[in-house]
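The exercises below are to be worked with the sequence and the 3D structure at hand. Each task is followed by a solution in steps.

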Amino acid sequence: MRLKDIISAVADLFYPRLCIVCGSALTSSEKHICTSCIASIPRTNFHLGARNSAEESFAGKAYANRVFSWFFHSHDSKFNKLIYSFKYNNNYKLAEYLGELYAKEMLSDGIKLNSDYIIPVPLHPKRKRKRGYNQSVHIAKGFSNIFGGDIREDILLRTKETETQTKKIRFDRWDNMKDAFEACIINECDFEKEIVIIDDVTTTGSTIAACIIALREKGYKNISVLTLAYAEKW
Ligand SMILES: [Zn+2]
């Protein structure tokens, strides 16, 4: 046993690390979430060909090659704690860990998502300053640890500060979002690259659709989408 492992085992005895979802003590090999909670994540199985309601949510507005979301998100789900933790509790390491877990699961199911470039949905600079980080960048890191690909934060910019989506009714969300992003051309060779847009949660798909449209307008052709969670009813 390495000294580092001994120290963390002793620390666990006095200050047990707890599962974010159920609150039970984690074993030394577990991180953030216990094995049994990981097993009970309400998976969408979109990557296995289940009816893909995330894809349908923005189908009329934008086209993506593939759309994947790991788990269903709802108001009363105990798994909301995960999202809350990496979004509002500074737990960006959890975002990276979940990105990794999802990518590993896709790989073990035989799914490979080509990702020359990984583009996290950008936050408006004001909101990023307030939060201190963009959670989608960390999900992207986790995804890239498994699938590879360069994380690019220079191609897609957020040009408009939007109100929180959850406060708006579905009808208003598209108006709020549709011109919130702008894509840049860094090198025309990039148009042919396989791009994966990454976000934490998709609800109506308005944010993702606006990102796809901004990229396509400039000439980017191969765009897929991956989000950790998908809220079917919000
Ligand atoms: Zn648990």
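**Exercise 1. Helix packing**

Task: Determine at what angle helix 5 and helix 7 pack and how far apart their axes lie, and state whether the crossing is right-handed or left-handed.

Solution. The model is a predicted one. Step 1: helix 5 spans residues 92-108, and its axis makes an angle of about 35° with that of helix 7, at a separation of 7 Å. Step 2: the two helices cross in the right-handed sense. Step 3: on the helix 5 side the contact includes Tyr92, Ala95, Leu98, Ala103 and Leu107, and on the helix 7 side Ile139, Ala140, Phe143, Ile146 and Phe147 are among the participants. Charged residues of helix 5 also take part, including Glu96, Glu100 and Lys104. Step 4: sorted by character, the contact residues comprise eleven nonpolar, five polar and four charged.

**Exercise 2. Order of the sheet**

Task: Give the strand order of the open sheet and the sense of its pairing, and identify which strands stand at the edges.

Solution. Step 1: the sheet has five strands, ordered 1-7-6-2-3, with parallel pairing. Step 2: strand 1 (67-72) and strand 3 (150-151) each have a single partner strand, so each has one side without a neighbour in the sheet. Step 3: strand 1 is joined to strand 7 (residues 222-230) by five bridges, and the two run parallel. The register can be read from two pairs: Phe71 is opposite Ala229, and Phe72 is opposite Tyr230. Step 4: an edge position need not mean exposure here, as five of the six residues of strand 1 are buried, so that strand 1 is largely enclosed by the rest of the structure.

**Exercise 3. Strand 2 and its partners**

Task: Find how many bridges join strand 2 to strand 3 and over how many strand 2 pairs with strand 6, then state which way its side chains point.

Solution. Step 1: strand 2 and strand 3 run parallel and are joined by two bridges; in this pairing Ile118 faces Ile151. Step 2: strand 2 also pairs with strand 6, again in the parallel sense, over four bridges, with Tyr117 opposite Ile195. Step 3: side chains in a regular strand alternate between the two faces of the sheet. In strand 2, Tyr117 and Ile119 point one way, while Ile118 and Pro120 point the other way. Step 4: all four of these residues are buried.

**Exercise 4. Helices across the sheet**

Task: State which strands helix 7 lies across and which strands helix 9 lies across.

Solution. Step 1: helix 7 (residues 135-147) lies across strand 2 (117-120), strand 3, strand 6 (194-202) and strand 7. Step 2: helix 7 runs at about 125° to strand 6. Step 3: helix 9 (residues 206-218) lies across strand 6 and strand 7, and its direction makes an angle of about 160° with strand 6.

**Exercise 5. Two loop residues**

Task: Classify Ile155 and Leu123 as buried, partly exposed or exposed, and list their contacts beyond four places in sequence.

Solution. Step 1: Ile155 belongs to the loop between strand 3 and strand 4 (156-158). It has 20 C-beta neighbours inside 10 Å and therefore counts as buried. Step 2: the contacts of Ile155 are Ile119, Ala183, Cys184 and Ile186. Cys184 is 29 residues away along the chain, yet its C-alpha atom is separated from that of Ile155 by 5.0 Å. Step 3: Leu123 is in the loop between strand 2 and helix 6 (125-131). With 18 other C-beta atoms within 10 Å, Leu123 is partly exposed. Step 4: the contacts of Leu123 are Lys128, Asn134 and Arg158.

**Exercise 6. Positive phi**

Task: Locate Asn45 and Asn90, and give the phi value of each.

Solution. Step 1: Asn45 lies in the loop between helix 2 (35-39) and helix 3 (53-57), and its phi is near 60°, positive although the residue is not glycine. Step 2: Asn90 sits in the loop between helix 4 (80-88) and helix 5, with phi near 70°, also a positive value in a residue other than glycine. Step 3: Asn45 has 14 other C-beta atoms within 10 Å and is partly exposed, whereas Asn90 has 12 and is exposed.

Definitions and conventions
Residues numbered from 1 in each chain as written. Predicted model: local features only at pLDDT ≥ 70, side-chain atom pairs only at ≥ 80, totals over all residues. Pairing = 2+ DSSP bridges. Contact = placed C-beta atoms within 7 Å. Axes fitted to C-alpha atoms, helices over the stretch in contact; angles between N-to-C directions. Left-handed = near helix turned anticlockwise from the far one by under 90°. Nonpolar A, V, L, I, M, F, W, Y, C, P; charged D, E, K, R; others polar.
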